[in-house]
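Open your viewer and keep the selection panel at hand. We will take a short walk through the structure, one stop at a time.

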Amino acid sequence: MIVVVLIAITVITTLPALGGVHIDLGAIARNWANGSERIAKLFHPDPSILPRTWKPLLETLEMAVVGAALSALLALPLSLWAARPSNPTRSRAGVRAVLNVVRAVPDLVYATILVAMVGVGALPGVITLVLFDLGIVVKLVSEAIDSADASYMEAGHAAGGTQTQINRLTALPQTWPVYASQVLYSLELNVRVSSILGLVGAGGLGRLIDEVRGFYRYGALSMIILEILVVVIAIEVASNYLRKRLR
Amino acid sequence: MGSGDHAPEGIPASGAWPIHLEDVIVRYPNGVVGLRGVSLSIAAGEMVSVVGLSGSGKSTMIRTINGLVPATSGTVRVGPYTVNELGGRRLRQVRGGIGMIFQGFNLADRASIYHNVLVGRFSHTPTWKTLLGVASHTDREIVMRALDSVGMLEKVWGRAGALSGGQKQRVAIARALSQEPEVMLADEPVASLDPPTAHSVMSDLKRVNTERGLTVLVNLHLMDLARQYTTRMIGLRAGEVVYDGPASSATDADFEAIYGRPIQSRDTLGQ
């Protein structure tokens, strides 16, 4: 199996028709000096930037939480509509198609268009995060519903229940742990994503990152990265704790 | 059993329904034929076992009665309804009058026992009420009484997944009883249980028949359970009725005809 995969990868990456994948190892040696200088600077974080980061950091966190919460609200019914056991009708295909489109568009594209539509600030960022999270949460939760044992649904139908009744009373508690876990995961992702969205003017730390990078202040940049790292780890610890409580 | 409020003991519930199948054929979309022209009549209040090996069409037959499996042709009549002609709201209404329990219990393991039994009230509850999560006082009372009648009341707020197999099947019986049904269907209800538990679940079903007067149809593959707990036995082989008569006097030869092979030790539960 592994051999087959390796052969497939080799063949696909070297197909002349596709142009192959040009990897010039020599370039690494030629350009090494340019990068190493910057990396060296990155290893000397500059704490003087910290006071300026508090506000955008707070904004990033707000966007992450609000985005995750709004998408969670929308994702619950959508997940049930996108899974076969909880929605045996044809409408499932429609829901899935729309979500595939939502997922296919890169988050920076959403942010760029939304900044143009609703203006610079946190709002386009939040909307971007909602769309981004919806794609992930609905896909993962609906696939979990698809693969889970759904024999309780047969009992619900046998008792004369409508699909909505069955979903509300039994599918919901059955799905809850997976759903909550994915929502927490989307919150983790949001902190990372929302710190980038500022690059196109959608609020948060990204704008500051763009600025210090523009001035070659790699020390300050690494300080901000460290800050994001701390926040991401803190959220991860908190959500791991919550996940354990869910089981 | 707390059934006293519904029907006086020993007297059939006013609404027990008869079941009539007329030349019922079931052909699944993949071409497999489940039933090949089954005709039979079950009177209101009868306790009937359907015996056969796996693949004989027992599960298919019991599911045509509440429309979980649609009949390809023929007529399925339950009480005042012709099930095979119904769909949507009317079908759900008939199903509300037909309780069903399953081999695998079919409980939502992460939901509470209370919510699992509340499933039995679906056909009596408007969808919007279920959606809002409000259960009427009557519904709560019916659920509690059903749980009490199977001895599971003290566990009502626990998770269904935490129960043993026998307890799960009792909760499933409570779920069916909370429908206040006219007919009770049981698809291999004891196949996943150990012998003592199997006997106590069969006794529960027997009581549903004698005390509430429901028509009970139970799928079994074990001959001694059929003889001991039911009065009439229907034998199925390859989708056809090959035996229909009293259960207690069915001979080993009758069972061999149903199974299509000599009796083996695994055809009885023992004890």
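A residue counts as buried when 20 or more other C-beta atoms lie within 10 Å of its own. Keep in mind along the way that this is a predicted model.

**First stop: a helix in chain A.** Select residues 2-14 of chain A, which form helix α1. How many of its 13 residues are buried? The count is zero, so by the 20-atom cut-off α1(A) is hardly covered. Now check the helix's length: at 1.5 Å a residue, its 13 residues should span 18 Å, and the end C-alpha atoms are indeed 18 Å apart, which agrees.

**Next stop: where chain A meets chain B.** Show both chains and look at their contact, which involves 19 residues of chain A and 25 residues of chain B. On the chain A side, colour α7 (151-158) and α8 (163-197), the elements that give two or more residues to it. The largest share, eight residues, comes from α8(A). By character, this side of chain A divides into seven nonpolar, 10 polar and two charged residues.

**Last stop: the two domains of chain B.** Select 13-97 together with 181-260 for domain 1, then 106-180 for domain 2, following the domain assignment of chain B. Their centres, taken over C-alpha atoms, are separated by 24 Å. Where the domains touch, domain 1 of chain B gives 13 residues and domain 2 of chain B gives 11 residues. On the domain 1 side, pick out α2 (88-96) and α7 (195-212) of chain B, each of which supplies at least two residues. That side holds five nonpolar, five polar and three charged residues.

Terms used
Residues are numbered from 1 along each chain as its sequence is written. Chains are lettered from A and ligands numbered from 1 in the order in which they are written. This is a predicted model: local features need pLDDT of at least 70, side-chain atom pairs count only at pLDDT 80 or more; totals for chains, interfaces and linings use all residues. Two residues are in contact if their C-beta atoms, placed from the backbone, lie within 7 Å. Helices (H or I, at least four residues) and strands (E, at least two) are DSSP runs, numbered from the N terminus. Ala, Val, Leu, Ile, Met, Phe, Trp, Tyr, Cys and Pro count as nonpolar, Asp, Glu, Lys and Arg as charged, and the others, Gly among them, as polar. Domain bounds come from an automatic or database domain assignment. The expected span of a helix is 1.5 Å times one less than its number of residues. A residue is buried if 20 or more other C-beta atoms lie within 10 Å of its own, exposed if 12 or fewer, and partly exposed in between; C-beta atoms are placed from the backbone.
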